[in-house]
Amino acid sequence: PFWVKPHPVSSFFTCAVMKNSSILFFVFLIEINVHGRALHLNAREAVPLIPKIIHHTSLHKHPVEQQAAPTYITLVSWTSWRMLFPSPEYRTIIGTDEVLERCIEEEFPDFKSQWEILQGVEKADAGRYCLLYKHGGIYADLDYEVRRNFYQELHANGGGGKVHLLEGCFTETRPEDGPIALNIQNAMMASPARHPFWERVFESMKQGRYAHSWNDPHGTGPRMLSIEASKHASEVLALPCANYQRNDRCGNFMELEPQAGIHWNQASWMPGVKHFWNFDFIHSGFANAHPDLGDVGLKQAMPEDLAKVPQLALLLNLHP
């Protein structure tokens, strides 16, 4: 029994427990009666923590080492995550085609028939949503360069219980989509495991033609994600474009100080892409961010080129 001073007391405390590989923070209210002889614990809320897992999707289990000639953007982006979100504190999961398909089969088996007709980047889109639902963590494209560790920022002001989505630098929706509060891109996202927002996303994807990006409000890309985020805005926090996406549409891309990350948007999924929409950003911006390399972001890096930047030479030893 607990024996305390005979006057009413109320106070809070927190504890953390593991559940399904995720950490839940429980906030309890201690109510002690006027006689000081009874202790009542009432769980008031459970706030899931975003796991320390970094997700990428790739055709290869080792995305950099198994590419014949990755671009400098890929090299720098991959290295940035390994350096600023290092192992063993952060675990890396590579979503190969096999990994993504297994996730769909286990978590969203009623979506499997639609999964079979998706093509290319559409499967990468749906697969990344599945990984975030199953494991939680942070997802990033292989051309997303992180500039600082922002893990704690995700949990500020209760944000650890919400899905974090990247504010878009383009308008992803159309007038017929109705009121849109959030324009979202899916190059970088963070989430607790098993968040219900992703269940809503899969319900939406079941309804459409499954075309990528803005082509379909029930597709796999940013248009669909923007619509769902706007419908369920209380479950979502937008990561500001100016700090997490930076290009000339949401800030001066030459200003590096405010940037937690940069999505270089090399659009490798688009055959023959000419980068007419972000030419200055991907050339001058990369050279400004990496003066030791210069304007080589889209250049395929050969082994001899790795010697130009000592930290890049470590890459062959940095795989999950």
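Contact here denotes heavy atoms within 4.5 Å. The model is predicted: local features need pLDDT of at least 70 and side-chain atom pairs pLDDT 80 or more, whereas totals for chains, interfaces and linings use all residues. Residues are numbered from 1 along each chain as its sequence is written, and side-chain values use heavy atoms, leaving out hydrogens and water.

**View A. The open sheet and its strand order.** Six-stranded and open, the sheet follows the order β5-β4-β6-β9-β8-β10 with mixed pairing (strands are DSSP E runs of at least two residues, helices H or I runs of at least four, both numbered from the N terminus; paired strands share at least two DSSP bridges). The edges are formed by β5 (91-95) and β10 (236-239), each with a single partner strand, so one side of each lacks a neighbour in the sheet. From one strand to the next, the twist averages 25° (angles run from 0 to 180 degrees between N-to-C directions, and axes are lines fitted to C-alpha atoms, for helices over the stretch in contact).

**View B. Strand pairing within the sheet.** Strands β4 (residues 53-57) and β6 (residues 137-140) run parallel, joined by 2 bridges, and I54 stands opposite I138 in β6. On β9 (residues 184-191), β6 pairs in the antiparallel sense over 4 bridges; here A140 faces M188. Strand β8 (residues 163-167) is joined to β10 by 4 bridges in parallel orientation, with L239 in β10 as the bridge partner of L166.

**View C. Helices packed on the sheet.** Helix α1 (residues 72-84) touches β4, β5 and β6, and its direction makes about 165° with that of β4. Helix α4 lies across β4, β5, β6 and β9, running at about 20° to β9.

**View D. The packing of α2 on α4.** Helix α2 (residues 97-107) and helix α4 (residues 121-135) pack at an angle of about 60°, their axes 9 Å apart. The two helices are therefore oblique (under 35 degrees is roughly parallel, over 145 roughly antiparallel, 65 to 115 roughly perpendicular, and the rest oblique). The contacting residues include V99, L100 and I104 in α2 and A124, A126 and L131 in α4. By class, the contact has 9 nonpolar, 1 polar and 5 charged residues (Ala, Val, Leu, Ile, Met, Phe, Trp, Tyr, Cys and Pro are nonpolar; Asp, Glu, Lys and Arg charged; the others, Gly among them, polar).

**View E. The disulfide between α2 and α4.** C103 and C130 form a disulfide, with sulfur atoms 2.1 Å apart (the criterion is a pair of cysteine sulfur atoms within 2.5 Å). The torsion about their S-S bond is about -100°, so the disulfide is left-handed. Distant parts of the chain are linked by this pair, C103 in α2 and C130 in α4 being 27 residues apart.
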